[in-house]
Amino acid sequence: MTGINHAWLFARVIKQTLTMIKNPPLILALAFVFFTTAHAEQNSQSHESIAEAVKNYVEQNINLSGEYEMSLTPLDSRLNLPQCTEPLEVFTTTDLIKAGRTTIGVRCNAEKKWSIFTSVIIKTYQMVVVLSQPIRRGEIITRQHLAIEKREVSKLREDFVIQMEQVENKQVTRQLDAGTILSLRNIAEPKLIKRGDKVVISTTKSDFSIKMNGVAMMDGTKGQLISVKNQNSGRIINATVIEPGLVSVNY
């Protein structure tokens with residue numbers, strides 16, 4: 001039954017009751033309260049319509065990859081805004097909606113103007129690479145260490161790993177627990193040569209190649225230029241790491 005039907009029924013009851021009681025002013029006062037409340041309810045902007053406007057705005061302006069989940073902070077139940085006769089205007093201080101908490105404004109530009117602010121929390125989900133077992137610092141990552149799972153990434157830096165190939169055969173720089181979402185900041189190229197290792201120094205030209213014995217003076221990853229001591233001459237030269245035990249010199 002609508003508010004108008006309620007009001008009509010109540011008025012009819014009052015009319016019938018006035019002839020039966022000795023305190024008409026009391027009944028009139030109650031009637032005034034009823035009609036005032038009913039009128040206010042009919043002319044108030046519903047919180048549901050505000051939430052729907054905010055939701056539509058977010059969906060049209062969000063800039064995220066993968067799945068996302070949106071939750072709106074409820075408005076104060078005591079908030080009573082006049083019904084807007086114009087379409088609600090939703091706005092933000094930024095052009096795009098991102099993951100996390102965002103403040104969003106809603107305003108009415110009709111004759112009875114009003115403006116409020118609410119907030120939206122957006123969580124994003126993406127398929128990422130996680131550890132299926134713990135790994136120690138300095139250990140080399142193999143395919144057996146890895147799994148792909150859907151996780152919330154809203155609060156992560158943008159260097160999380162989404163493909164196993166990004167970290168396979170790489171070295172971890174710190175101990176990590178099973179279930180950890182892998183990030184590039186915890187991964188390094190493995191050290192193929194360590195300081196003090198005996199190495200072969202290879203020099204190749206178009207018409208000949210020379211190999212000499214040497215000792216690494218520093219750690220090195222693949223493709224890195226390191227200092228190597230030639231055991232025959234005692235000279236320290238710069239050489240490029242090719243693989244474990246092998247460096248190359250270009251003249």
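In which loop is the place of T93? In the predicted model analysed here, T93 lies in the loop between β2 (89-91) and β3. With a relative accessible area of 83%, T93 counts as exposed, because that value is over the 50% above which a residue is classed in this way. T93 and T103 are separated by 10 residues in sequence, whereas their C-alpha atoms lie 8.2 Å apart in space.

The protein chain as a whole comprises three helices and 14 strands. Of its 251 residues, 30% count as buried, and the chain exposes about 16,600 Å², of which carbon and sulfur atoms supply 52%. Among the contacts that link residues at least 6 apart in sequence, 52% join residues at least 24 apart.

The strands on either side of the loop that holds T93 are paired with each other: β2 and β3 run antiparallel and are joined by three bridges, with F91 standing opposite G105 in β3. On the other side of the sequence, β3 also pairs with β4 in the antiparallel sense, over nine bridges, and a hairpin of five residues connects these two strands. Within this pairing, T103 has S119 in β4 as its bridge partner. In general terms, strands of a sheet pair through backbone hydrogen bonds, in either a parallel or an antiparallel arrangement.

Strands β3 and β4 also contribute to the largest nonpolar core, which contains 18 residues and in which V58, V106 and W114 have the most contacts. The elements that give two or more residues to this core are α3 (47-61), β3 (100-108) and β4 (114-131), and α3 gives the most, with five residues. When neighbours within four places in sequence are left aside, V58 is in contact with M70, I97, I104, V120 and I122. Such an assembly may be set beside the general tendency of nonpolar side chains in soluble globular proteins to be buried together.

A polar residue, Q45, is found in the loop between α2 (24-42) and α3. Its relative accessibility is 8%, and Q45 is therefore classed as buried, since the limit for that class is under 20%. The side chain of Q45 makes a polar contact with the side chain of S49, at 2.7 Å, and another with the side chain of Q83, at 3.5 Å. Beyond its neighbours within four places in sequence, Q45 is in contact with I50, L81, P82, Q83, C84, L88 and W114; among these, W114 is also one of the residues with the most contacts inside the largest nonpolar core. The two loop residues described here thus fall into opposite classes, because T93 is exposed whereas Q45 is buried.

A further arrangement of strands involves later parts of the chain, where five strands form a closed barrel in the order β9-β10-β12-β13-β14, with mixed pairing. From one strand of this barrel to the next, the twist averages 55 degrees. Within the barrel order, β10 (residues 209-216) and β12 (residues 225-230) pair in the antiparallel sense over three bridges, and A216 stands opposite V228 in β12.

Notes:
Residues are numbered from 1 along each chain as its sequence is written. This is a predicted model: local features need pLDDT of at least 70, side-chain atom pairs count only at pLDDT 80 or more; totals for chains, interfaces and linings use all residues. Side-chain values use heavy atoms; hydrogens and water are left out. A nonpolar core is a set of buried Ala, Val, Leu, Ile, Met, Phe, Trp, Tyr and Cys residues joined through side-chain atoms within 4.5 Å. Buried means under 20% relative accessible area, exposed over 50%, partly exposed in between (1.4 Å probe, protein chains only). Helices (H or I, at least four residues) and strands (E, at least two) are DSSP runs, numbered from the N terminus. Contact means heavy atoms within 4.5 Å. Two strands pair if DSSP finds at least two bridges between them. Axes are lines fitted to C-alpha atoms, for helices over the stretch in contact, and angles run from 0 to 180 degrees between N-to-C directions. A polar contact is a pair of N or O atoms within 3.5 Å; within protein, one must be able to donate a hydrogen and the other to accept it, and residues adjacent in sequence count only if both atoms are side-chain atoms. Accessible areas come from the Shrake-Rupley method with a 1.4 Å probe; for residues, only the protein chains shown count as cover.
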